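Colleague: Please take one part of this model and go through it closely for a first-year student. Start with the whole chain, then stay with the part you choose.

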Amino acid sequence: MRNRSKFVLIAVFVFAVAAIAWGKGKLLSLVETISTLHMSQPTPQMPPNFSEVTIPFELVAKHVMLKVTVNNSRPLWFVLDTGDKFAIVDLDRAKELGLKLGGDIQVGGVGSQTTTGAFVKETTFSISGFAGFSQPVTLAIPLKNLAARFGHDFDGILGAEFIKQFVVEVDYQLGVIKLHDKIRFAYSGPGESIPIHLNPMGHPVFEAQVVPLGGDPIKGDFVLDIGSRGSLALNSPFVASHQLLGPNLKTIKAIGVGGTGGESNAQYGRVAELKIGRYLFKNPITLFSEDKAGAFANSAIQGSVGEEVVSKFKLFLDYSHDRISLEPNVSFGGPIDHAFSGLLIEAEGKDYKTYRIKDVQEHSAGSDVGLQKNDVINAVDGRPASELTFGEVSDILERPVTHVLIMGRGDQTLRVELTPRALV
C-alpha cells in the first residue's frame, strides 16, 4: 500500500514556487519578495557556544518528524525536508494560533492545480530539546489533508533555511538527528561525500546515474528529497527524451501521487540500476512521470531520490561545504522492494484510527478480491484496527503473505483474504 502514496509529499515538498506554472521572471520575483520579507522577520537565535545537539525524531510514514513550537505554542509536528526551502506551517494551524498572515500566494506541486497560501510575519519556531534556538516561519499553506495519509498530525515543514545553519546528521537507525557546528565539523567516517549545489528553491542537487532496463547508463542531476517516501522518481521530460516508457517495460498506473498541485499522471516500474557515487542500487521501484505541468514536469533536473534510498545511510547534510555524506547503515544491503496490496488508505478521525480505502489499483491484489473505495478496515490478521498504527497497517500490507481482513462496507461486514504481490 505504501508505494502508491510514497510520493504524496513531493507535491508540497518540491517546494511550491518551483511547481507553479509561472515564468522564470515571476519565480525570481517571488524569491526576491520572500527575501525582502525575511528582512522584516524576527532575528534567528542560536544558543551561545553552540557545538552539537542530539534531537530524537519520530519516523512517521517514512518521514522524519520533529516536535516544534511556534510562538511558544503547544508542541506541533514538523517534517524535516530537503525538498523545501523555508519553514512552513499549515494554514489552518496558523489561523488557530493567531499568527500574523500577510499577502496571499498561489502554491502548487505535482499536477497542474494551485492552492492559496499566505506569508507569515513576526513568527518564529523552536525545536523541542534545543534550548536557545529559534528561526522565522515564512509561509502558511494547506497541509491538513496530508495528515490523513500519515495517520499522524502534520503541522509544518522545515527546509533548507533551517538545514543550512548546521551540518545535519540524520541517523535512521537510532531515530535521532544531530546538529553540528557547520564551521568546525569535518566528516571523517567510512562513507562517501557527494558534491551538491543548491538550486534556487533550496534543494540539494547532485549527479547520479540511471541505467534503464535493457538500456545504456544515463547521467543526470537529481534532487535529494527526504520528504519523499519513494526511491527514485524520473521527471517527464527525462522520461520522454530517453523513451523510458517503452512497450517492453512492465508498469502499473500510479495512484495516490499528489498533494497541493492535484494528482499526478505517472507509472510505476523499474530501472536496472541507480548509482550515486560508489553506491549501486539494483532494480529500484521507480516512478515514471507523464505530467505536462507541475514539479514532475521540470526539465531543469532529471528526477529525485527519496527516503527508501536515503534511509539506507546515515546522512550528513553539509550545505555550507556543498556536499552530502552517505554512510551505509545495516539496512544498506537489502533490496528496494516490497509487495503491493493495491490499496490507497487514509487514516481518519481525531485519533487516526479509522482506515478507509480511498482508491484501489487496477489488476492488483485489492481489486482481485473485490475491495472498493470507502471500505473501512476493521481488523487485520485477528487484530482490531484500533490497536494498530497507520504505519503498522501499511507495513503489514506490503508483506507477500495472505492476510485476513475484516472490512466494513456500509452496514455489511466482510471477511477478505488478501495476498499482496509484486506488480512491477
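Modeller: What follows is a short look at the chain, then a longer one at a single sheet and a loop residue that touches it.

This is a predicted model, in which local features need pLDDT of at least 70 and side-chain atom pairs count only at pLDDT 80 or more, while totals for chains, interfaces and linings use all residues. Residues are numbered from 1 along each chain as its sequence is written, and side-chain values use heavy atoms, with hydrogens and water left out.

The protein chain has 11 helices and 34 strands (DSSP runs numbered from the N terminus: helices are H or I with at least four residues, strands are E with at least two). Of its 424 residues, 59% count as buried, that is, under 20% relative accessible area with a 1.4 Å probe and protein chains only. Among the contacts (heavy atoms within 4.5 Å) with a separation of 6 or more, 67% join residues 24 or more positions apart.

Now the sheet. Six strands form an open sheet in the order E1-E13-E12-E27-E28-E14, and the pairing is antiparallel; two strands pair if DSSP finds at least two bridges between them. The edges are strand E1, residues 52-56, and strand E14, residues 192-195, each of which pairs on one side only. On average, neighbouring strands of the sheet are turned by 20° against each other, direction ignored. For this, axes are lines fitted to C-alpha atoms, for helices over the stretch in contact, and angles run from 0 to 180 degrees between N-to-C directions.

One pair within the sheet can be followed residue by residue. Strand E12 covers residues 166-171 and strand E13 covers residues 176-181; six bridges join them in the antiparallel sense. Within this pair, Val-170 of the chain stands opposite Ile-177 in E13.

At the E14 edge, a residue from another place in the chain comes in. Gly-277 belongs to the loop between strand E23 (273-276) and strand E24 (279-282). Leaving out residues up to four places away in sequence, Gly-277 touches Glu-192 and Ile-194; the numbers 192-195 are those of edge strand E14. Gly-277 counts as partly exposed because its relative accessibility is 32%, and partly exposed lies between buried and exposed, the latter being over 50%. Phe-206 is 71 residues away from Gly-277 along the chain, yet their C-alpha atoms are separated by 9.6 Å.
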